[in-house]
Amino acid sequence: MCNKRVVVSTRPSAPGDVESAQRHDVELVDCPAYYYRWITPSQFVTDTVISEPHPDAWVFTSRRGVEGWWRIWKELADSAEIPPVYVVGEKTRGAFEDNFPKSEIRMADEHNATELGLRMVRDGIGTVAHFCSVDRRSELREICRKFNVEMTEVEVYRSTSVTDPEPVKGPVDAVLFFSPNGVSEFQRLYGLPEGDWQAIAVGPTTAEAVKRVTGRKPRIAPSPSFEEMINLI
């Protein structure tokens with residue numbers, strides 16, 4: 001008899017997610033709120049990052065930002081130069097370490113964009129390149145503007161709509177939510193599962209969206225990683 005718990009992920013599974021779920025005796029079902037596609041920045045934007053004077057730091061607030069920039073950086077002739085790297089959490093750190101050469105990586109004590117920006121300010125960073133999505137959040141930009149940190153936003157991926165959603169079949173034990181926008185989009189595409197399922201949020205901002213949209217009180221991962229979310233189930 002199979003006693004696996006069934007967990008819905010509202011993003012496409014990342015490398016290692018399925019294996020991590022299996023270690024916890026979880027059957028992972030993908031019901032993405034969005035798909036993603038890579039973007040190649042213009043030559044002007046790329047030159048801003050790799051030409052002298054280089055930015056004081058690189059910053060990544062998502063795993064896809066790391067992977068999107070890696071696609072570009074690995075083809076560059078002078079790609080050996082990497083300044084200090086700021087990442088929002090352990091998942092993003094792991095993605096960077098998996099792709100780039102060993103580098104100086106820095107994080108804030110609290111894993112969110114606001115605290116990461118304040119860490120850069122305290123470290124005396126004056127110029128930074130942020131590798132991000134077209135539909136990124138504004139907290140990091142606002143911190144940089146407030147403290148006169150010059151930031152180049154390098155768009156390396158964008159979200160695209162799901163056009164062929166498959167309805168959730170059967171009872172589920174939990175739903176993993178990874179962004180505030182993803183909560184409402186998941187409900188629009190799939191509806192909410194029936195029954196007494198547990199909502200798991202990647203962070204406090206997403207948790208607020210979960211409460212507002214679903215009416216359920218979610219559990220919040222102690223750090224924004226898939227492994228920590230699975231641990232809560």
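Reader: Leaving aside its neighbours within four places in sequence, which residues is Phe96 in contact with?

Author: Bear in mind that this is a predicted model, where local features need pLDDT of at least 70, side-chain atom pairs count only at pLDDT 80 or more, and totals for chains, interfaces and linings use all residues. Residues are numbered from 1 along each chain as its sequence is written, and side-chain values use heavy atoms, with hydrogens and water left out. Contact here means heavy atoms within 4.5 Å. On that basis, Phe96 touches Trp58, Phe60, Val66, Ile82, Val85, Pro101, Ser103 and Ile105.

Reader: Is Phe96 buried or exposed?

Author: The cut-offs are under 20% relative accessible area for buried, over 50% for exposed, and partly exposed in between (1.4 Å probe, protein chains only). Phe96 has a relative accessible area of 1%, so it counts as buried.

Reader: Which helix is Phe96 found in?

Author: Helices are DSSP runs of H or I with at least four residues, strands are runs of E with at least two, and both are numbered from the N terminus. The chain has nine helices and 11 strands. For Phe96, the one you want covers residues 90-99: helix α4.

Reader: How far apart are the C-alpha atoms of Phe96 and Trp70?

Author: Along the chain, these two sit 26 residues apart. In space, the C-alpha separation of Phe96 and Trp70 is 8.7 Å.

Reader: What share of the 233 residues in the chain is buried?

Author: Phe96 is one buried residue. Over the whole chain of 233 residues, the buried share is 46%.
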